[in-house]
Amino acid sequence: AGGTFPGATRFFWRVQAENAGGVSGWSEVWRFTTLDVVTGHYPIGSGWNLISLPLIAGDPRATFLFPDALSAPYGFVSTTGYVTRDTLRFGEGYWIKFALPETVSVTGAIRNRDTIDVLPGWNLVGALSTTIDTGSVVQNPPGLLQSAFFDYTGGYVPADSLRPSRGYWVRAGGAGQIVLGPGGKPDVPQVSVPLRKSSPDR
């Protein structure tokens, strides 16, 4: 039979074999969940922007997602500094520069939970497909983060929520993970610390 499966639906199946020797018992039950694919529209400002992938894009190449950008996306690794990226990855944050404000359309699958690895020092991280409070972020180990999350809108401001398509700076005291998603517990210290990370050409 042809056709497609509906999105955001869980399916279960099992198999049974039959040949000249007889019929086998049923296999164990397997399952899979289809993804809900949508198109979202996200504002971009002129100049440098802190961004992230808001959806699991079918084509995550920067030239496809941001054909009008003046720069490649710059990721950040605390051990090496800024690195250019040809392909964007969900959960990572990036600097990218535009000449004029515009709205970027992204088509992909919704992701409302993610586990992001962080390293000691400043980390540039992404968000989810829906907005969450920073207080819901779970830290592994507890007390991992040493700062608030910082957004950039022409200057740095502490963020009380993580929004789709935005990137954020956050400082970690060691290597660990942060878990974004529903059902988290308040664990992010609501304190500000001096932030000196600048955009790539500053």
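**Exercise 1. The largest pocket**

Task: In this predicted model, find how much space lies in the largest pocket and work out which residues and elements line it.

Solution:
- Step 1. Start with the volume: the largest pocket holds about 350 Å³ of space.
- Step 2. Move to the lining, which consists of 21 residues; Phe 76, Glu 92, Asp 117, Asn 123 and Leu 124 are the closest to the pocket centre.
- Step 3. Now look for elements that give two or more residues to this lining: they are strand 8 (74-77), strand 12 (114-118) and strand 13 (121-125).
- Step 4. Pick out the main contributor: strand 12 gives the most, with five residues.
- Step 5. Finish with the classes: ten residues of the lining are nonpolar, six are polar and five are charged.

**Exercise 2. The sheet that holds strand 12**

Task: Place strand 12 in its open sheet and explain why one side of strand 12 is left without a neighbour there.

Solution:
- Step 1. Write down the strand order: this open sheet has three strands, 12-20-15, with antiparallel pairing.
- Step 2. Read off the edges: strand 12 and strand 15 (138-140) each have a single partner strand, so one side of each is left without a neighbour in the sheet.
- Step 3. Add the geometry: from one strand to the next, the twist averages 25°.
- Step 4. Follow the pairing of strand 12 with strand 20 (residues 176-180): the two are antiparallel and share five bridges. You can find Asp 114 opposite Leu 180 of strand 20.

**Exercise 3. A second open sheet**

Task: Determine which strands stand at the edges of the sheet 5-11-7, and find the residue opposite Ala 57.

Solution:
- Step 1. The order 5-11-7 belongs to an open sheet of three strands with antiparallel pairing.
- Step 2. Strand 5 (37-44) and strand 7 (56-57) are the edge strands; each has a single partner, so one side of each lacks a neighbour in the sheet.
- Step 3. Strand 7 runs antiparallel to strand 11 (residues 102-109), and two bridges join them. Ala 57 faces Gly 108 in strand 11.

**Exercise 4. The largest cavity**

Task: Describe the volume and lining of the largest cavity.

Solution:
- Step 1. The count gives one cavity of 30 Å³ or more, and the largest cavity holds about 50 Å³ of space.
- Step 2. Its lining is made up of Tyr 42, Ile 44, Ile 51, Ser 52, Pro 54, Phe 66, Val 104, Val 106 and Ser 165.
- Step 3. Strand 5 and strand 11 each supply at least two of the lining residues. You met both strands in the sheet of order 5-11-7.
- Step 4. By class, seven residues of the lining are nonpolar, two are polar and none is charged.

**Exercise 5. Salt bridges**

Task: Give the number of salt bridges, then trace the network that contains Asp 151.

Solution:
- Step 1. The model has five salt bridges. Among them are Arg 61 with Asp 59, at 2.6 Å from N to O, and Glu 92 with Arg 89, whose closest N and O atoms are 3.7 Å apart.
- Step 2. Turn to Arg 163, which forms a salt bridge with Asp 151 at a closest N to O distance of 3.0 Å. This pair links distant parts of the chain, twelve residues apart: Arg 163 lies in the loop between strand 18 (161-162) and strand 19 (168-172), and Asp 151 in strand 16 (residues 149-152).
- Step 3. Compare accessibility: Asp 151 has a relative accessible area of 5%, so it is buried, whereas Arg 163, at 36%, is partly exposed.
- Step 4. Complete the network: salt bridges with shared partners join Asp 151, Arg 163 and Arg 166.

Terms used. Residues numbered from 1 in each chain as written. Predicted model: local features only at pLDDT ≥ 70, side-chain atom pairs only at ≥ 80, totals over all residues. Heavy atoms only, no water. 1 Å grid on protein atoms, 1.4 Å probe; cavity = no way out; pocket = protein on both sides within 12 Å on 5 of 7 lines; lining within 4 Å. Points joined across faces, edges and corners; volume = space filled by probe spheres on them. Helix = DSSP H or I, 4+ residues; strand = E, 2+ residues; numbered from the N terminus. Nonpolar A, V, L, I, M, F, W, Y, C, P; charged D, E, K, R; others polar. Pairing = 2+ DSSP bridges. Axes fitted to C-alpha atoms, helices over the stretch in contact; angles between N-to-C directions. Salt bridge = Lys/Arg side-chain N within 4 Å of Asp/Glu carboxyl O. Buried < 20%, exposed > 50% of the residue type's maximum accessible area, 1.4 Å probe, protein only.
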